[in-house]
Each structure stands twice: as structure tokens, then as C-alpha cells.
Amino acid sequence: MCTPAGQDEYFLRIGDVIDGKDAPAPELSAKDLAERRRLAAELASTYRTEFL
């Protein structure tokens, strides 16, 4: 369950769609991981997300 509504959109914007639950996680370089973290922080307020 995700709350508030719209969290699914947030995760779609910062993550990768995989083929299924048994698919391996994508391998990210340190640069890619840093970019994901930056984007997650940038979009957090738009999707009413707080990092604790």
C-alpha cells in the first residue's frame, strides 16, 4: 500500500519497470545512482513524500 495517493507515479518516475517479480534488479553505476537520488529528492515535494 502506498499513501498518499500518487506514490505509484513517483516510483515510476524515479525507478525502472522490470519484467516480473523474479527479474533481476537493474545494475546502476555510481553516477546513475546519484542521479536517481537527486531526482527522488527533487520530486519528493511534488508527490508529498518525506524521507525519514
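**Two helices, one core and three salt bridges**

Colleagues, I begin with Arg 38, which at 38% relative accessibility counts as partly exposed. On the scale used here, buried means under 20% relative accessible area, exposed means over 50%, and partly exposed is whatever lies in between, with a 1.4 Å probe and protein chains only. The model is predicted, so local features need pLDDT of at least 70 and side-chain atom pairs count only at pLDDT 80 or more, while totals for chains, interfaces and linings use all residues. Residues are numbered from 1 along each chain as its sequence is written, and side-chain values use heavy atoms, with hydrogens and water left out.

Let me stay with Arg 38 and turn to the charged pairs. The structure holds three salt bridges, a salt bridge being a side-chain nitrogen of Lys or Arg within 4 Å of a carboxyl oxygen of Asp or Glu. Side chains of opposite charge can pair when their charged atoms come close. Arg 38 forms one such bridge with Glu 35, whose closest N and O atoms stand 2.6 Å apart. Glu 35 and Arg 38 are separated by about one helical turn, because they are three residues apart in helix H2. Helices here are DSSP runs of H or I with at least four residues, strands are runs of E with at least two, and both are numbered from the N terminus.

Arg 38 also meets the side chain of Glu 42 in a salt bridge, at 2.4 Å from N to O. Arg 38 and Glu 42 lie four residues apart in H2, again about one turn of the helix. Glu 35, Arg 38 and Glu 42 are thus linked in a network of salt bridges. The two acidic members are partly exposed: Glu 35 has a relative accessible area of 40%, and Glu 42 has 47%.

Where does the salt bridge of Arg 36 lead? It leads to the side chain of Asp 16, with an N to O distance of 3.0 Å. This pair links distant parts of the chain, since Arg 36 belongs to helix H2 and Asp 16 to the loop between H1 and H2, 20 residues apart. Arg 36 counts as partly exposed at 23% relative accessibility, and Asp 16 is partly exposed at 40%.

I now come to the helices themselves. H2 has 15 residues and reaches 21 Å from its first C-alpha to its last. That is close to the expected 21 Å, the expected span being 1.5 Å times one less than the number of residues. The buried residues of H2 are Ala 40, Leu 43 and Ala 44. They lie on the same side of H2, because they cover an arc of only 110° around the axis; the arc is that of the directions from the helix axis to the C-beta atoms. On the other side of H2, Ala 30 and Lys 31 are exposed.

Helix H1 covers residues 7-14, and its buried residues are Gln 7, Tyr 10 and Ile 14. Seen down the axis of H1, these fall within an arc of 55°, so they line one face of the helix. The face turned away from that side carries the exposed residues Asp 8 and Leu 12. H2 is part of what covers the buried residues of H1, and H1 is part of what covers those of H2.

In soluble globular proteins, nonpolar side chains tend to be buried together. Which residues make up the largest nonpolar core? They are Tyr 10, Ile 14, Ala 40, Leu 43, Ala 44 and Tyr 47, six residues in all. A nonpolar core is a set of buried Ala, Val, Leu, Ile, Met, Phe, Trp, Tyr and Cys residues joined through side-chain atoms within 4.5 Å. H1 and H2 each supply at least two residues of this core, and H2 gives the most, with three.

Tyr 47 touches several residues, among them Gln 7, Tyr 10 and Arg 13, where residues up to four places away in sequence are not counted; contact means heavy atoms within 4.5 Å.

I close with Thr 49, in the segment after helix H2 (30-44). Thr 49 counts as buried, at 16% relative accessibility. Its side chain makes a polar contact of 3.0 Å with the side chain of Gln 7. A polar contact is a pair of N or O atoms within 3.5 Å; within protein, one must be able to donate a hydrogen and the other to accept it, and residues adjacent in sequence count only if both atoms are side-chain atoms.
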